[in-house]
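Visitor: I'd like to learn how to read a structure like this one. Could you walk me through it, feature by feature?

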Amino acid sequence: MGYQSFKRALKVDSDNFVSSSFKQQLSMDSDPPFRQTYKTLFEDTNTIENLVIAVEECELPLIDLNRLSHREPAEKRESCKAEIARASQEWGFFQVINHGISRDLLEKMRQEQVKVFKQPFHNKTKEDKFPAGSYRWGTPTATCLRQLSWSEAFHIPMTDILAGGSGSFNTTLSSTMEQFAATVAGLAQKLAEILAEKLGHKSTFFRENCLPSTCYLRMNRYPPCPIPVEVFGLMPHTDSDFLTILHQDQVGGLQLVKDGKWIAVKPNPEALIINVGDLFQAWSNDVYKSVQHRVMTNPSVERFSTAYFLCPSYDTVIHQNCTTKPSLYRKFSFIEFRQQVQEDVQKLGHKVGLPRFLLRSH
Ligand SMILES: C=C1C[C@]23C[C@@]1(O)CC[C@H]2[C@@]12CC[C@H](O)[C@@](C)(C(=O)O1)[C@H]2[C@@H]3C(=O)O
Ligand SMILES: O=C(O)CCC(=O)C(=O)O
Ligand SMILES: [Fe+2]
């Protein structure tokens, strides 16, 4: 199907969708209870715009990490590192295969994740059951449908899991998360060191500041959504970390900005997705890019993903010393950055992020 006819087909589907199944579906109950809680956002369904924009699907740069093995010749290792750096500059995103995380562990993590989300809503919101504030759903600050994320998540500070303070995360889930995080942490460190090395730094910064206990694990669930054209699964955002390692299922829905346009990521069952976060962009003085990404909803299929965020301790100061160019950003600590993001989300309904820390002269 050509691009235009694809666009037309989508438009017809969405028109039918909005007029027929929409009102009927809105009256149904769901878990989490999006429709009851965000009732006012759905009140005037006539104002729902037909925002149907066909987005091209693409393959992210695919990097085979087998080439980093010490058994491989030095040129192969170097060309692999160069690809990692190039993708982080040009895309801010890439996917890796032969990453060292076993299929069994990924599968086990997914099963445990599905189980924990299957619990009734009232269990997931119980503060004594899960680490305080770790269960999140929707967007409490949303004032219009475009600000609503149609998803639920457990956003867990690794410190809670490592200290054994994981509330009633059952022991199987806790130990699976711990095993998953420990393995993925090794990969995150390796990639961060390569990116630092390609900036001309043999850096111990990441080993010293991004500890197993300062990182975050996020389990996402995107329930089917009756009005997928208008509502995001996860609002457009950049990640507030150094690097993110993402394991997604086969449903698809992740999109990112490339050369000013949204493009859809084609799921690859063998690959993990890596993206550069705001802290690496600042630390590299804009060499590596933290790009906007979002998740689209699906009318009939639920979707799961797991993200590991490589984060430093809160008092770590982010400051570029890897380029000869003048710094674009002022020095800031991770806690300052997090607090600013939270304040902006509260006051404006969205994250501002790095632009808040630009030095005036630029
Ligand atoms: C409402 C929001 C919370 C969030 C920033 C945002 O504007 C949109 C996405 C959210 C998200 C998702 C991924 C990460 O967990 C996070 C820390 C981020 O960088 O973007 C959160 C933000 C947050 O929880 O503060
Ligand atoms: O679910 C996805 O594909 C992306 C999730 C994401 O962007 C996040 O958790 O920060
Ligand atoms: Fe993200």
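Visitor: Which strands each supply at least two residues of the shell around ligand 2?

Guide: One caveat to begin with: this is a predicted model. To read a binding site, list the shell residues and then trace them back to their strands. Here β6 (216–222), β7 (232–237), β12 (293–296) and β13 (303–310) each supply at least two residues of the shell. The shell around ligand 2 has 13 residues, and the closest are Asn220, Tyr222, His293, Arg303 and Ser305.

Visitor: How do the residues of that shell divide into nonpolar, polar and charged?

Guide: You get six nonpolar, four polar and three charged residues.

Visitor: And which side chains put an N or O atom, or another polar atom, by an oxygen atom of ligand 2?

Guide: For this, look for N or O pairs within 3.5 Å. Asn220 has a side-chain N or O atom 3.1 Å from an oxygen atom of the ligand, and His293 likewise has one at 3.1 Å from a ligand oxygen. Asp239 brings a polar side-chain atom to 3.2 Å from an oxygen of ligand 2. As for cover, ligand 2 taken alone exposes 290 Å², and the protein buries 96% of that.

Visitor: Let's turn to sheets. In what order do the five strands of the open sheet come?

Guide: Read a sheet by walking from neighbour to neighbour. The order is β1-β10-β9-β12-β7, with mixed pairing. β1 (57–58) and β7 stand at the edges with a single partner strand each, so one side of each has no neighbour in the sheet. Inside it, β9 (residues 254–258) runs antiparallel to β12, joined by three bridges, and Gln255 stands opposite Arg294 of β12.

Visitor: Now for β3: are its residues mostly buried or exposed?

Guide: Count residues under 20% relative accessible area as buried. In β3 (residues 93–97), five of five are buried. Check the directions too: Phe93, Gln95 and Ile97 point one way, while Phe94 and Val96 point the other way.

Visitor: What does β3 pair with, and in which sense?

Guide: Bridges tell you that. β2 (residues 62–64) pairs with β3 in the parallel sense over three bridges, and Ile63 has Val96 as its bridge partner. β11 (residues 272–276) runs antiparallel to β3, with four bridges joining them; there, Phe94 has Ile274 as its bridge partner.

Visitor: Which helix joins β2 and β3 in a β-α-β unit?

Guide: Follow the chain from strand to helix to strand. Helix α5 (residues 74–90) makes up the unit together with β2 and β3, and the unit is right-handed.

Key:
Residues numbered from 1 in each chain as written. Chains lettered and ligands numbered in written order. Predicted model: local features only at pLDDT ≥ 70, side-chain atom pairs only at ≥ 80, totals over all residues. Heavy atoms only, no water. Near = heavy atom within 4 Å. Polar contact = N/O pair within 3.5 Å; in protein donor to acceptor, adjacent residues only side chain to side chain. Areas by Shrake-Rupley, 256 points an atom, 1.4 Å probe, with all protein chains shown as cover. Nonpolar A, V, L, I, M, F, W, Y, C, P; charged D, E, K, R; others polar. Buried < 20%, exposed > 50% of the residue type's maximum accessible area, 1.4 Å probe, protein only. Pairing = 2+ DSSP bridges. Right-handed = clockwise from strand over helix to strand, strands pointing away.
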